[in-house]
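Open the model in your viewer and keep the sequence panel visible. The tour goes from one selection to the next and says what is there.

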Amino acid sequence: MADAAIIPAVNEDESALATPFVKCLLRLVRAQDSYGSWEGKPDPELLADFIVTKQKRREIPIIGDPDPDVLWRLDLYYAAVGLAIEERAGLMASPMMKISHEGFGRVLLTAGRLVVLSKTLRDVHRFGFETLRNLAEAGTKLVDGAIVAIEIYPDAARA
């Protein structure tokens, strides 16, 4: 009976790892490995820090300052969104982030003169996703929204 419950979760993880967004994120994470210590690690293990279950989230204080590791993961996440946009649209999408020491801020992604993503960030110290599938869906949704904006305003995006 336990095997039947595990199989759908494994299939969800495999399908999430196959999405273009997660592939971009994994490339960026692996590119940060300057000493080769992550070379043999499987992809789910590299993305484990992006997964924050409800139980882990409860353990994190409601108010807190983000540590450098969380800020690094947040930066990689939005850089992966920009890279996935670039792969699909052929336009460089640059993320710009401003975060206060308390974990509140804003992230913008621009393509040319077009802002393709504008998002308010809060509770950055609790940044993460419930599952790999949620990570893939959230990133893909941001990329798809940016592609729609580029298709609606192609002249601004190519300026």
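Start with helix 6, and select Lys141, Glu151 and Ile152: these exposed residues sit on the face turned away from the buried side of the helix. Keep in mind throughout that this is a predicted model.

**Helix 6, the other side**

Now select the whole of helix 6, residues 132–152. The helix has 21 residues, and the distance from its first C-alpha to its last is 30 Å, close to the 30 Å expected at 1.5 Å a residue. Which residues of helix 6 are buried? They are Leu132, Leu135, Ala136, Gly139, Leu142, Val143, Ala146, Ile147, Ala149 and Ile150. Turn the view to look down the axis of helix 6: the buried residues fall within an arc of 160°, so they line one face of the helix. The general background is that an α-helix has 3.6 residues a turn, so residues three or four places apart point the same way.

**A patch on the surface**

Add Val148, Ile152 and Tyr153 to the selection. Together they form a nonpolar patch on the surface, with about 310 Å² of accessible area. Val148 belongs to helix 6. With a relative accessibility of 43%, Val148 counts as partly exposed, because that class lies between the 20% limit for buried and the 50% limit for exposed. Ile152, in contrast, is listed among the exposed residues of helix 6.

**From helix 6 to helix 5**

Select Asp144 and Arg88 next. These two form a salt bridge, and their closest N and O atoms are 2.5 Å apart. The pair links distant parts of the chain, since Arg88 is in helix 5 (residues 68–89) and Asp144 in helix 6, 56 residues apart. Asp144 is partly exposed, at 31% relative accessible area. How many salt bridges does the structure hold? There are six, and two others come later in the tour.

**The three strands**

Move to strand 1 (residues 93–99) and strand 2 (residues 105–111), which pair in the antiparallel sense over seven bridges. Two partners are worth picking out by hand. Pro95 stands opposite Leu109 in strand 2, and Met97 has Val107 of strand 2 as its bridge partner.

Follow the chain through the turn. Strand 1 and strand 2 form a hairpin with five residues between them, and Gly103 in that turn has a positive phi of about 95°. Phe104 also lies in the loop between these strands. At a relative accessible area of 41%, Phe104 is partly exposed.

Extend the selection to strand 3 (residues 114–121), which pairs with strand 2 in the antiparallel sense over seven bridges. Leu109, already picked as the residue opposite Pro95, also stands opposite Leu117 in strand 3. The hairpin of strand 2 and strand 3 has two residues between the strands, and there Gly112 takes a positive phi near 65°.

Past strand 3, stop at Asp123, in the loop that leads to helix 6. What sign does the phi of Asp123 have, positive or negative? The value is positive, near 50°, in a residue other than glycine. For comparison, most residues other than glycine have a negative phi.

**Helix 2 and helix 3**

Go back along the chain to helix 2, residues 20–31. At 1.5 Å a residue, its 12 residues should span 16 Å, and the end C-alpha atoms are indeed 16 Å apart. Colour the buried residues of this helix: Phe21, Val22, Cys24, Leu25, Leu26 and Val29.

Then select Arg30 together with Asp43. Their side chains meet in a salt bridge of 2.7 Å, N to O. This pair also links distant parts of the chain: Arg30 is in helix 2 and Asp43 in helix 3 (residues 43–46), 13 residues apart. Arg30 is partly exposed, with a relative accessible area of 31%, and Asp43 is partly exposed too, at 28%.

Another salt bridge joins the side chains of Lys41 and Glu45, at 3.9 Å from N to O. Lys41 is partly exposed at 31% relative accessible area, and Glu45 is partly exposed at 43%.

**A last distance**

To finish, draw a line between the C-alpha atoms of Arg30 and Phe104. The two residues are 74 residues apart in sequence and 27 Å apart in space.

Conventions. Residues numbered from 1 in each chain as written. Predicted model: local features only at pLDDT ≥ 70, side-chain atom pairs only at ≥ 80, totals over all residues. Heavy atoms only, no water. Helix = DSSP H or I, 4+ residues; strand = E, 2+ residues; numbered from the N terminus. Expected span 1.5 Å × (residues − 1). Buried < 20%, exposed > 50% of the residue type's maximum accessible area, 1.4 Å probe, protein only. Patch = residues over 30% accessible without salt bridge, like charges linked within 9 Å, V, L, I, M, F, W, Y side chains within 5 Å. Areas by Shrake-Rupley, 256 points an atom, 1.4 Å probe, with all protein chains shown as cover. Salt bridge = Lys/Arg side-chain N within 4 Å of Asp/Glu carboxyl O. Pairing = 2+ DSSP bridges. Arc of directions from axis to C-beta.
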